[in-house]
Structures are given as C-alpha cells and as structure tokens.
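Biologist: Please take one part of this model and describe it closely, starting from a single loop and working outwards to whatever it leads to. I would like one connected account rather than a list.

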Amino acid sequence: MRAALLYGSGSELEDAVAAVLRAAGFTVTDLDEELGDTLSADLLAVLNGSTCLVEVKAASGAAGEKLISQLQRHLEKWPQLRPGQPVTCVALIVNHQHRLDPAERSAEVYQRRVVDTLPFPVIASGDLFRWWRTQDWPAVQGAVLGQAHVAGEREERPAEGDEIPAVGRRRWLPRGKSQRAR
C-alpha cells in the first residue's frame, strides 16, 4: 500500500486509493471497470448519503491543470451516465512529483492559487498515505467530502438553518488547512 500511494500511478494507484477509501468506510465502485476506461472518473465513493466522483491521477512532476479539467468534464457527463444517481461531491487525488522522495515533494499538489477557486478538493496521495498509516479515517472522509478536518479536531456541524453549500458553490479551505494531517 505504501509504495502504491507514494510512488504508484495508473491502476496501481487507483487500487490503493480505493483500498484507503474502503478502510475509511466508503463503499467504492471502480468506474473504469464498470463503465469503461476514460468514460467517467476513476472511482465512485459513497458514504452516509454522499456520492462522490473521485479522479485519481499521477504526475511525475508538477501536476498540470489538465487534471482539473478532466474531472470537471467527468462531472458534466455524469448525469447522462447515471441519471438516477446524482453526485453530491467530487475529489481529485493526485500522486504528484512521484519520482521524488516524499520528503522532497511540495506539500501541496498545486503551488498556484488555482485550487482556491475550485469547487472540489485536491488531495495529495501522500496525505492519504499518512491518514491510512495512522488510521485517521475522519481525515480521509473530510478530505474526500470537501469538509474541514485536521487530525485531532472534531468536525463541526452546521448550525440549525445553515445550509451546506452545493458542490458547485463549495468553498475549499485556505491553502494547506486540510491537505496535511498535523
């Protein structure tokens, strides 16, 4: 599992991410296997009524913004693929700079402020590895579902009458807040 999350790409990385999501309590479907390669995102992760499209990618260097547009395209196609199963969230999980030692990699997948405007989380596979290793399942759940969570903190529920933002309006956390377990 360690090698796949820290150095893997392709189906090896997808399988490792799926295993972490399952360990965190998600029901996971391999969409490449079920719908055909490249037709949709890589994984469908379901937890407590939340249905998330998860795109899993690897980049030997810095992650390109093309990865973001691929996930956005999958989200746009989803209603035609499964009209009766709306998604409530999407996530991009990237093993970036995977040819470098993990200690030499940048902590965040994207160094540019592009992630501040995204309606979904971008998660480093190295973070998934750390959460898997420490069995911090709430951190995995919070990251994938796009909720604020730092290891050791309790999740806050919205006050009565407050709405949880829709996927298209979800605001991602400030840089580094949820992308690293502390």
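**A loop, its two helices and what lies beyond**

Modeller: Gln135 sits in the loop between H5 and H6, in what is a predicted model. Its phi is near 55°, a positive value in a residue other than glycine, and with a relative accessibility of 55% Gln135 counts as exposed, because the cut-off for that class is over 50%.

The helices on either side of this loop are H5, covering residues 125-133, and H6, covering residues 137-145, and their axes come within 8 Å and cross at roughly 150°. H5 is therefore roughly antiparallel to H6, since angles over 145 degrees are classed that way. The contact between the two is made by Leu128, Trp131 and Trp132 on the H5 side, which meet Trp137, Ala139, Val140 and Ala143 on the H6 side. Sorted by type, the residues of this contact comprise 7 nonpolar, no polar and no charged.

H6 also leads further into the protein. Ala139, Val140, Gly142, Ala143, Val144 and Leu145 of this helix are buried, and the elements against which the buried residues of H6 pack are helix H2 (10-23), strand S2 (43-47), S3, S4, strand S5 (122-124) and H5. After H6 comes Gly146, with a positive phi near 75°.

From the end of H6, the path continues to Cys52, a residue of strand S3, which spans residues 50-59. Cys52 and Leu145 are 93 residues apart in sequence, yet their C-alpha atoms are 7.3 Å apart in space. Once its neighbours within four places in sequence are set aside, Cys52 is in contact with Leu43, Leu44, Ala45, Cys89, Val144 and Leu145, so that Val144 and Leu145, both buried residues of H6, appear in its surroundings under a contact limit of 4.5 Å between heavy atoms. Cys52 is itself buried, at a relative accessible area of 0%.

One of those contacts is also a bond, for a disulfide joins Cys52 to Cys89, with an S to S distance of 1.7 Å. The pair links distant parts of the chain, with Cys52 in strand S3 and Cys89 in strand S4 (residues 89-96), 37 residues apart. A disulfide is a covalent bond between the sulfur atoms of two cysteines. Cys89, like its partner, is buried, at a relative accessible area of 1%. The count of disulfides comes to 1.

Beyond S4, the loop between S4 and S5 holds Gln97, whose phi is near 50°, again a positive value in a residue other than glycine. Its relative accessibility is 16%, so Gln97 counts as buried, whereas Gln135, in the loop described at the outset, counts as exposed.

These parts belong to a protein with 6 helices and 5 strands, which follow one another along the sequence in the pattern α-α-β-α-β-β-α-β-β-α-α. Of its 182 residues, 47% count as buried, and the accessible surface comes to about 9200 Å², with 48% of it belonging to carbon and sulfur atoms. Among contacts between residues at least 6 apart in sequence, 63% join residues at least 24 apart; the disulfide described above, with its cysteines 37 residues apart, links distant parts of the chain as well.

How values were computed: Residues are numbered from 1 along each chain as its sequence is written. This is a predicted model: local features need pLDDT of at least 70, side-chain atom pairs count only at pLDDT 80 or more; totals for chains, interfaces and linings use all residues. Side-chain values use heavy atoms; hydrogens and water are left out. Helices (H or I, at least four residues) and strands (E, at least two) are DSSP runs, numbered from the N terminus. Buried means under 20% relative accessible area, exposed over 50%, partly exposed in between (1.4 Å probe, protein chains only). A disulfide is a pair of cysteine sulfur atoms within 2.5 Å. Accessible areas come from the Shrake-Rupley method with a 1.4 Å probe; for residues, only the protein chains shown count as cover. Axes are lines fitted to C-alpha atoms, for helices over the stretch in contact, and angles run from 0 to 180 degrees between N-to-C directions. Angles under 35 degrees count as roughly parallel, over 145 as roughly antiparallel, 65 to 115 as roughly perpendicular and the rest as oblique. Ala, Val, Leu, Ile, Met, Phe, Trp, Tyr, Cys and Pro count as nonpolar, Asp, Glu, Lys and Arg as charged, and the others, Gly among them, as polar.
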